[in-house]
Amino acid sequence: TLRKPISQSSMADWASKNLNMHTQGIFRRRISISNMLSWNGGSIKKPMLITSNRTIKKEACEMFKLVQSYMGDRQSRMDRNHVALVTVTKCWSVQGLRDELYIQLIRQTTDNTCYRSLAWGWELMAISLAFFSPSPKFQSYLEGYIYRHLDSDENIAQRMKELVDLKTKKNSKSRKKRKQNTEDEGSLPISTYAKYCYRKLQKVAVTGGKKGLRKPTVEEITHARNAIVTPSLFGSSLEEIMLRQQDVYPGNKLPWVQTQLSQQVLALGGEQTEGIFRIPGDIDEVNALKLQVDQWRIPGSLSDPNIPASLLKLWYRELEEPVIPQQFYKECISNYENPDAAVAVVQLLPELNRLVLCYLIHFLQIFAQPSNVGRTKMDVNNLAMVMAPNCLRCQSDDPRVIFENTRKEMSFLRMLIVHLDTSFIKGLV
């Protein structure tokens, strides 16, 4: 669900307080906010946002050139993948540059008369959101900007035409003209980018973007770009995942990613590994595996069961809607002490959710066997504790409600691990 963000007047107010107003001409006249936030073909001499950080002051001007290079408005020796990689790595490494990049992209995608350049600007924004979020202070401003473009294709075409007509009158005698085209066959509609960015912003604000010590890679940049058109197996809805799976595994009843990662955990001896699901796998290795899984590949080089176990938990946690949909949440926490009622809730779930949940419970029941608990030190209570947050999501903001419900969520999942008959799931893929 898309919530309506801050108003345009609030955005203007934010800009007046945070923009580092630029000057021009021999009299150093201040540029208006609207000009500060309109496409610029030249370079900038100082950052777009007010800052006292010397590194950011220096890097911001270089980054503006990179943004122009990616959008095709400045020549570069690097290909666009590497331009994106350098840009993203700068911001991923230096937190203070992130808002600066997003405000530069807002500027270069405003009143831009070249559709291809405009589309590439939005593409770079989408790629960036796969790696880092804006600061909480800047998030609502960026959200407001993206929101205005969710259904803006006709308005953009009209605005481009107006600007092109205006420039044609002014530059009728000028030889040097920027290539202007209101449409580009290779580009997506701007609303497609905006809708993707809007959803991505909501998620990255919560998850915090790429983690680990390894810097971003070209493969990750390519993957982030492809995700605009081809939804990832992570962070999508179960329905979207199954729809995408139709082309690759048309006969499967369960998500391939769920069954493959579960089988990998067992194949690597996860049910005999102490602290399985509690001890996280190396984050960089988990990221690398995630990249492979999104391309329907499981590498044969895996040796640590904590890697697929961590990624499996992440997959459940990042589902757009939890395995147990929100409308059944109250029923779950109301029946956390009643085995029959808890099992009855499972039967009410939509068929796909029911199968996915039963597969998960069947999987956890393997670990709950006494012969395995002796090795893993993960009894049914521990299993319920680590998995409940990945299956149920409390919507309240009240810390007391969250604390109280956490206990009930764990107890509900424990009931299912102990009492749910999942024998029918054996052999199902």
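**Note on the salt bridges of this predicted model**

1. In helix α20, which spans residues 399–419, Arg 407 and Glu 404 sit 3 residues apart, and that spacing is about one turn of the helix. In this predicted model, these two residues form a salt bridge whose closest N and O atoms are 2.5 Å apart. Arg 407 is partly exposed, at 41% relative accessibility, and Glu 404 is also partly exposed, with a relative accessible area of 32%.

2. A pair with the spacing of about one helical turn occurs in helix α3 (residues 54–70), where Lys 65 and Glu 62 are 3 residues apart. The salt bridge between Lys 65 and Glu 62 has its closest N and O atoms 3.7 Å apart, which falls within the 4 Å that the criterion allows. Lys 65 has a relative accessible area of 30% and counts as partly exposed, while Glu 62, at 39%, is partly exposed as well.

3. Arg 199 and Glu 320 are joined through their side chains by a salt bridge of 2.4 Å, N to O. Because Arg 199 belongs to helix α9 (residues 190–207) and Glu 320 to the loop between α14 (306–318) and α15 (329–334), this pair ties together parts that are 121 residues apart in sequence. Arg 199 is partly exposed, with a relative accessible area of 35%, and Glu 320 is partly exposed at 36% relative accessibility.

4. The contact between Arg 199 and Glu 320 should be read in its wider setting, since a network of salt bridges links Arg 199, Lys 203, Glu 240 and Glu 320. For the model as a whole, the count comes to 17 salt bridges.

Notes:
Residues are numbered from 1 along each chain as its sequence is written. This is a predicted model: local features need pLDDT of at least 70, side-chain atom pairs count only at pLDDT 80 or more; totals for chains, interfaces and linings use all residues. Side-chain values use heavy atoms; hydrogens and water are left out. Helices (H or I, at least four residues) and strands (E, at least two) are DSSP runs, numbered from the N terminus. Buried means under 20% relative accessible area, exposed over 50%, partly exposed in between (1.4 Å probe, protein chains only).
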